[in-house]
Amino acid sequence: MADVNRGNRPLSPHLSIYRLSITMFVSIANRITGAGMVLAAILVVWWLMAAASGPEYYEMANGFLTSWLGLLILVGSLWALWFHFLGGLRHLVMDFGIGYELKTVNSTGWGVVIGSFVLTVISLFCFI
């Protein structure tokens, strides 16, 4: 009935056997970027509300968003948007049962990572 050796057994599978693969990284980062984009949306709403509230409040919000920290957050949010978008496309294709071969899974994972950086740089050059 009761397993008296329960506390002496390792977790199954044991955490020490895992190595971070590209598929694990893309899956974990896709969830993190999805949650992180909520914070970016809050900043955009804050900026829009400040613009509607008056010039003094707008200057404060705009001052923060155009500071080095604000620009770092905005560029990071842009990267997160592209990463999450490409990860979602990858996941959508895999939902149809396409691309489950090991070589394809690894190459599409790297494609999401590299593509997100490339699209971020292209977006920055197009809009700045």
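Helices here are DSSP runs of H or I, at least four residues long, numbered from the N terminus. The model is predicted.

**Exercise 1. Place Leu 119 and find how far it sits from Trp 79.**

Which helix holds Leu 119? Solution:
- Step 1. Leu 119 belongs to helix α4.
- Step 2. Take its cover. Partly exposed runs between the buried limit, under 20% relative accessible area, and the exposed limit, over 50%. Leu 119 has 26% relative accessibility, so the residue counts as partly exposed.
- Step 3. Turn to Trp 79. Leu 119 and Trp 79 are 40 residues apart along the chain. Their C-alpha atoms are separated by 7.9 Å.

**Exercise 2. Do the same for Thr 108, with Leu 86 as partner.**

Solution:
- Step 1. Thr 108 is also placed in helix α4.
- Step 2. Its relative accessibility is 29%, so Thr 108 counts as partly exposed.
- Step 3. Thr 108 and Leu 86 stand 22 residues apart in sequence. In space the gap is 9.5 Å, C-alpha to C-alpha.

**Exercise 3. Describe how α3 and α4 pack.**

Solution:
- Step 1. Set the limits. Helix α3 covers residues 68-95, and helix α4 covers residues 102-127.
- Step 2. Give the geometry. The two helices pack at an angle of about 145 degrees, and their axes are 8 Å apart.
- Step 3. Give the hand. The crossing of α3 and α4 is right-handed.
- Step 4. Sort the contact by class. The contact of α3 with α4 has 13 nonpolar, eight polar and one charged residues.

**Exercise 4. Examine Met 24 and the surface patch it joins.**

Solution:
- Step 1. Met 24 lies in helix α1, residues 22-53.
- Step 2. Met 24 has 31% relative accessibility, so this residue counts as partly exposed.
- Step 3. Patch residues need over 30% relative accessible area. Met 24 is one of the residues making a nonpolar surface patch of about 710 Å². The others are Ile 17, Tyr 18, Leu 20, Phe 25, Ile 28 and Ile 32.

**Exercise 5. Summarise the whole chain.**

How many helices and strands does the protein chain have? Solution:
- Step 1. The count is four helices and zero strands.
- Step 2. Along the sequence the pattern reads α-α-α-α.
- Step 3. The chain has 128 residues, and 23% of them count as buried.

Notes:
Residues numbered from 1 in each chain as written. Predicted model: local features only at pLDDT ≥ 70, side-chain atom pairs only at ≥ 80, totals over all residues. Heavy atoms only, no water. Patch = residues over 30% accessible without salt bridge, like charges linked within 9 Å, V, L, I, M, F, W, Y side chains within 5 Å. Areas by Shrake-Rupley, 256 points an atom, 1.4 Å probe, with all protein chains shown as cover. Salt bridge = Lys/Arg side-chain N within 4 Å of Asp/Glu carboxyl O. Buried < 20%, exposed > 50% of the residue type's maximum accessible area, 1.4 Å probe, protein only. Axes fitted to C-alpha atoms, helices over the stretch in contact; angles between N-to-C directions. Left-handed = near helix turned anticlockwise from the far one by under 90°. Nonpolar A, V, L, I, M, F, W, Y, C, P; charged D, E, K, R; others polar.
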